[in-house]
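This report goes through one protein model, from its overall make-up to individual strands and residues. Please keep the structure open while reading.

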Amino acid sequence: MNQFWDAAKTYFKTIHFRKIIKKIGFFFLGIVLFLLLFSVVLAVYFNNNKAEIVTQINAKINDNITGTIDIGDIKYKFLKGFPNMTLALSQVELKDSLWAVHKRTLLKAEQIEVRIDLVDLLSNEINIDKIEIQHATLHLFKGKDGIVNTAIFRTKPKGEKSKSSTTSTVNEVILDQVHFISENQLGNKLFDFNIVALRSQIDHDNENWHTNLYLKTLAKSMAFNTQRGSFIKDRIVEGVLTVDFSKQKNQISVATEQLLIGKEFFDINAHFSLDENKSPFDIAIKTTILWRSASALLSANISTKVNQFDLKKPIDVGCTIIGDMNATGDPEIVVTTKIKNNELKIPDGIITDCSFDATFTNQYKKGAGCNDINSTITLTDFFGKYKTIPFTIPIGIISNFEKTTAAGSFRSDFAVSRLNEIINKDFMHFSNGQAKVNLDFKFDVLNLKIQKPLFTGNVYVKDAIINYGPRNLTFLKTDIQLDFTEQALLIKKINFKDRKNTVFMEGKIDNFLTLYYENPEKMLVNWDIYAPFLDVKQFVGVITSSGQKAPKKPHKKDDFSEELYSVIDKCQVVLHLKADKMTYSKLVATNAKATVLLVNNQLIVKNGWVQSSGGTISFDGQLAPNGDNFLLESNAKINRVDIARFLTSLNNFGIQSFQPKNIKGFLSASASLKGTLLSGGQLKTNSLSGAAKFDVIQGALVDFKPITNIGKFAFPFRDVKNIVFSDLSGNFKINGDLVDVNDLKVSSSVLNLDVNGVYSFNRGTNLAMTIPLRNPKKDELITDEAEKAEKRTKGIVLHLLAVDVDGKIKIRWNKNHE
């Protein structure tokens, strides 16, 4: 090996090798000198024939246009494009013949370089091999009146030859810093691109051609309808496009893969017709992209709506745009996507494990136009979870983006306890049970708010336990059936159990959904309530409790507890109540009936009726909030109740001077009373005011100490321990602790008694008593009422006062009696 290198070094030093190197050097020097000489010859040729070449170029242009072209200067580019000739046209302006009308210059360029085939030029032909446009504006215009600035190309009659013998086939096109505008005022379209760079090598096949075009441009506007906004606004577009022109179809086809728009990549196939009157086009786009990234590329009228939603993972999207460049209005847009196991954000929360197929079109009804009114989004096979609640929408359609409506079907089957993820536990808490939902829906959407909703179908809940926090209500083993009809919500099979009470409820709400979302204060809930047993005090205590809500937690968009509470609080409720047995403190009643209205936090009772203490009681009344308590107003009628049992059940109204055991008989009475009810349902002591009258039939006063104490001295031979009444009646006016006694008349077997004055439940009793001393025992045999009244006051009559002395009733002479 060393011998080889030694021999080579020896040869490189020989005279023969040096001669070879010198010949090679002279060969290349000759080529360079030839190229320089040839270029000098071309420059000399151009300078000597500049006028003729310019004439040929002008002839070429003017032979094909009807407008005007201004070229500031033409220069020869030394060596550029060798062996062909490259000419630089500077300050070029091209205008059509109607420029004075529309003022839009078709082309204005600082420099246009044109490479001309030298062989054809020597043959007196201009064959443009390459065009390079630098720092130019290309403005295509069509006005509202149909005037265009592109009508510059002269139409030749068939068979007419050009005055020049030139022909041209452009093989290469380069654009640098070219502002391209296509303004169609008639069709409300505006395409505005700042082309940073465009490179195109064109292969011709007779009248057809093909190119792989590199493009980098800034899309300032791609508005198919300027009133709707621009697609891909202010986005860089870069990539290689395969472009083909078919003379037979008079159509340009464009295809590209991985075209960069902004930061996203797209596969695009498009076709553009070059017909003079109609210019139909279609564009097919495919990509994998994030929802918000896709929204940013849409026009404003679409993006403002879809931005209310979001998907966490990228989605596969296909879009087709079909229209006509010369037509007014929007093109037809169809977008399709398949979502798998994604997370969907909606205005009211987040839907997880989300899968569905979706299609958007702005031409739902063919022939009805491409517009917001005719736009729809169709969802199929929608599955997801809201919080932890699974649901499906087999099909849903969102229609008319001006007056938006939504329609479809909704299905769900879940454990009721999952509702705790949605509703504040201090408001409602759920446990046990299973819920099934099967609904068809239709409603209007305004600013993403539901309006005029219509649901049909049903909701079933079985064996649920529900606690309603504001009223401390607990529904045990609750079965609920909700039937949604076009007219009303029917509520069936609700069982309520709260400590002592067991209640079965069914209800109806007319126009439920519309009122829920728009006027909850006008909502009227009709309940039919049946209770085998009802503790009224506890039940009223629940209804009249303060109902304070739990302290507000930081607001969340997906927490509708406040809204639901507001609806419940504002709606009007009518309860048609029936109870086999009911109690209030010690009062026991059976076969109870009443209509109860809950309106504006007021409880109104109408047509109340019960059987109690051997008789009947009918009543009505109302409770109204007053601070922490409630004001009570009531009218009651009592018919033939056992007076002792009745007084016992009502704690003897707080009277200490006698006990229910001291009186017998059947009471009939009427009363109109007002008072204060504490929040727990207990009547506030001595808060009553109003009027009452009563009549006792078959009455008797048994071992009443104030009478027996007097009777053993005044009436030693009469049975004062068992006084039988033939007449016991009176009128009262009640004002807190004080009772005005008017015309209390007592006709008994021992004595007759007339009482007037004031009786106090505490201190201040002052009763005037008129007591004839004659024995009235045989008065009951007198049938003539006038005769009986005349004999009533014959004989000795005592006039006494019952007065309060140190909290005890004392009997005194009434010296000032009338």
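Of the 818 residues of the protein chain, 41% count as buried, in a model that is predicted. The chain contains 12 helices and 39 strands. Among the contacts in the protein chain with a separation of 6 or more, 53% are accounted for by residues 24 or more positions apart.

Confidence comes next. The mean pLDDT of the protein chain is 79, and 78% of its residues reach 70 or more. Over residues 546-558 the pLDDT is below 50, and this stretch has 18 contacts in the model beyond near neighbours in sequence. Residues 161-167 likewise have a pLDDT that stays under 50, and the model gives them 15 contacts beyond four places in sequence. Where pLDDT is low, the predicted coordinates should not be read in detail.

The strand pairings in the table can be followed by eye in the structure.

| Strands | Sense | Bridges | A bridge pair |
|---|---|---|---|
| β25 (residues 501-510) and β26 (residues 524-535) | antiparallel | seven | Ile509 and Val525 |
| β26 and β27 (residues 572-584) | parallel | 11 | Ile529 and Leu577 |
| β30 (residues 615-626) and β31 (residues 629-642) | antiparallel | 11 | Phe619 and Ala636 |
| β31 and β32 (residues 663-677) | antiparallel | 11 | Phe630 and Leu677 |

Strand β26 therefore appears in two of these pairings, since seven bridges join β25 to β26 in the antiparallel sense, while β26 and β27 pair in the parallel sense over 11 bridges. Ile509 stands opposite Val525 on the β25 side, and Ile529 has Leu577 as its bridge partner in β27. Strand β31 is likewise paired with β30 and with β32, in the antiparallel sense each time. The hairpin of β30 and β31 has two residues between the strands, and Gly627 in this hairpin takes a positive phi near 65°.

Which residues touch the most other members of the largest nonpolar core? They are Phe382 and Trp527, in a core of 153 residues. Strand β22 (residues 449-468) supplies the largest share of this core, six residues. In soluble globular proteins, nonpolar side chains tend to be buried together. Leaving aside neighbours within four places in sequence, Trp527 is in contact with Ile491, Ile494, Met505, Glu506, Gly507, Val573, Val574, Leu575 and His576. Among these contacts, Met505, Glu506 and Gly507 have numbers within the range of strand β25, residues 501-510, while Val573, Val574, Leu575 and His576 have numbers within that of strand β27, residues 572-584.

Two polar residues are also buried. His102 lies in helix α3 (residues 99-102), and it counts as buried because its relative accessibility is 5%, under the 20% cut-off. The side chain of His102 reaches the backbone nitrogen of Arg104 at 3.0 Å. Not counting residues up to four places away in sequence, His102 touches Asp96, Phe141, Ile147, Val148 and Asn149. Ser760, in strand β36 (residues 752-760), counts as buried because its relative accessibility is 3%. With neighbours within four places in sequence left aside, Ser760 is in contact with Asp737, Leu738 and Thr765.

The cysteines can be considered last. How many disulfides does the count come to? The count comes to zero, with a pair of cysteine sulfur atoms required to lie within 2.5 Å. Cys319 counts as buried because its relative accessibility is 14%, and Cys370 is buried because its relative accessible area is 19%, where the cut-off is under 20%. Cys370 lies in the loop between β16 (349-361) and β17 (376-386). The C-alpha atoms of Cys370 and Pro331 are separated by 6.3 Å, although these residues are 39 residues apart along the chain. Pro331 is also one of the residues that Cys370 touches, together with Asp330, Glu332, Asn362 and Gln363, when residues up to four places away in sequence are not counted.

Conventions. Residues are numbered from 1 along each chain as its sequence is written. This is a predicted model: local features need pLDDT of at least 70, side-chain atom pairs count only at pLDDT 80 or more; totals for chains, interfaces and linings use all residues. Side-chain values use heavy atoms; hydrogens and water are left out. Helices (H or I, at least four residues) and strands (E, at least two) are DSSP runs, numbered from the N terminus. Buried means under 20% relative accessible area, exposed over 50%, partly exposed in between (1.4 Å probe, protein chains only). A polar contact is a pair of N or O atoms within 3.5 Å; within protein, one must be able to donate a hydrogen and the other to accept it, and residues adjacent in sequence count only if both atoms are side-chain atoms. Contact means heavy atoms within 4.5 Å. A nonpolar core is a set of buried Ala, Val, Leu, Ile, Met, Phe, Trp, Tyr and Cys residues joined through side-chain atoms within 4.5 Å. pLDDT is the predictor's confidence in each residue, from 0 to 100.
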